[in-house]
Amino acid sequence: MRRSPSPNSSPEALFLQQIPKLWPAIKGSLAQVRKTCLRPGCKACARGQKHPAFILSFTRAGKRRCMYVPKDLVPLFERALQNGRQIETLLYELGPRLLQEHRQQRGSGPEI
Ligand SMILES: [Zn+2]
């Protein structure tokens, strides 16, 4: 019998059903900054107004890194960060579900 995804579906079914929907997914944080440019005599920079830019901060091998994100990719990155948080929420949910499934398969065990 094929089980439809429901709150009672197996943790594996839930995982396999949810993960493909959650691409693109990343972890990190997106921030808007203002940066100076290299153009000589730039008025925006002379006024201290500078130029808006987006930075993705993330951790790689335990080190904090930053990369500029092109403006037209910002909506995609915001969606990817949101999906990353949803995957994390899903993973937290799977631990208890895996234990519940195990208990159901071997009969009722004491709940801690
Ligand atoms: Zn400038």
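The bend at a residue is the angle between axes fitted to the seven residues ending there and the seven starting there. The legends below describe a predicted model.

**View 1. Helix α3 bends at Leu-94.**
The bend in α3 at Leu-94 is about 25°. A proline, Pro-96, follows within four residues of that position. Helix α3 covers residues 74-105, and its 32 residues should span 46 Å at 1.5 Å a residue. The C-alpha atoms at the two ends of α3 are 46 Å apart, which agrees with that expectation. Just after the helix, Gly-107 takes a positive phi of about 85°.

**View 2. Overall chain, with the order of its elements.**
Three helices and three strands make up the secondary structure of the protein chain. Read from the N terminus, the elements run α-β-α-β-β-α. The chain has 112 residues, of which 1% count as buried. For contacts between residues at least 6 apart in sequence, 49% join residues at least 24 apart.

**View 3. The open sheet of β1, β2 and β3.**
The three strands form an open sheet in the order β1-β2-β3, with antiparallel pairing. Strands β1 and β3 are the edge strands, each pairing on one side only. From one strand to the next, the twist averages 35°. Strands of a sheet pair through backbone hydrogen bonds, either parallel or antiparallel.

**View 4. Bridges between β1 and β2.**
Strand β1 spans residues 29-35 and strand β2 residues 51-60. The two pair in the antiparallel sense over seven bridges. Among the bridge partners, Ala-31 is matched with Ile-55 of β2. Another pair joins Lys-35 to His-51, also in β2.

**View 5. The hairpin of β2 and β3.**
Strand β3 (residues 63-69) pairs with β2 in the antiparallel sense over seven bridges. Ile-55, the partner of Ala-31 in the preceding view, has Tyr-68 as its bridge partner in β3. Two residues lie between the strands of this hairpin. In the turn, Ala-61 has a positive phi of about 50°.

**View 6. Helix α3 against the sheet.**
Helix α3 lies across β1, β2 and β3. Relative to β1, α3 runs at about 150°.

**View 7. Packing of α1 on α3.**
Two packed helices are described by the angle between their axes and the distance between the axes. For helix α1 (residues 11-18) and α3, the angle is about 155° and the axes are 9 Å apart. Angles over 145 degrees count as roughly antiparallel, so α1 is roughly antiparallel to α3. On the α1 side, the contact is made by Pro-11, Leu-14, Phe-15 and Gln-18. On the α3 side, the residues are Leu-90, Leu-94, Arg-97, Leu-98 and Glu-101.

**View 8. Surroundings of Leu-94.**
Leu-94, in helix α3, is the residue at which that helix bends. Its C-beta atom has 16 others within 10 Å. A residue is buried at 20 or more and exposed at 12 or fewer, so Leu-94 is partly exposed. Leaving aside neighbours within four places in sequence, Leu-94 is in contact with Pro-11 and Phe-15. Both of these partners belong to the α1 side of the helix pair shown in View 7. Leu-94 and Pro-11 are 83 residues apart in sequence, yet their C-alpha atoms are 5.8 Å apart in space.

Conventions: Residues numbered from 1 in each chain as written. Predicted model: local features only at pLDDT ≥ 70, side-chain atom pairs only at ≥ 80, totals over all residues. Expected span 1.5 Å × (residues − 1). Pairing = 2+ DSSP bridges. Contact = placed C-beta atoms within 7 Å. Axes fitted to C-alpha atoms, helices over the stretch in contact; angles between N-to-C directions. Parallel < 35°, antiparallel > 145°, perpendicular 65-115°, else oblique.
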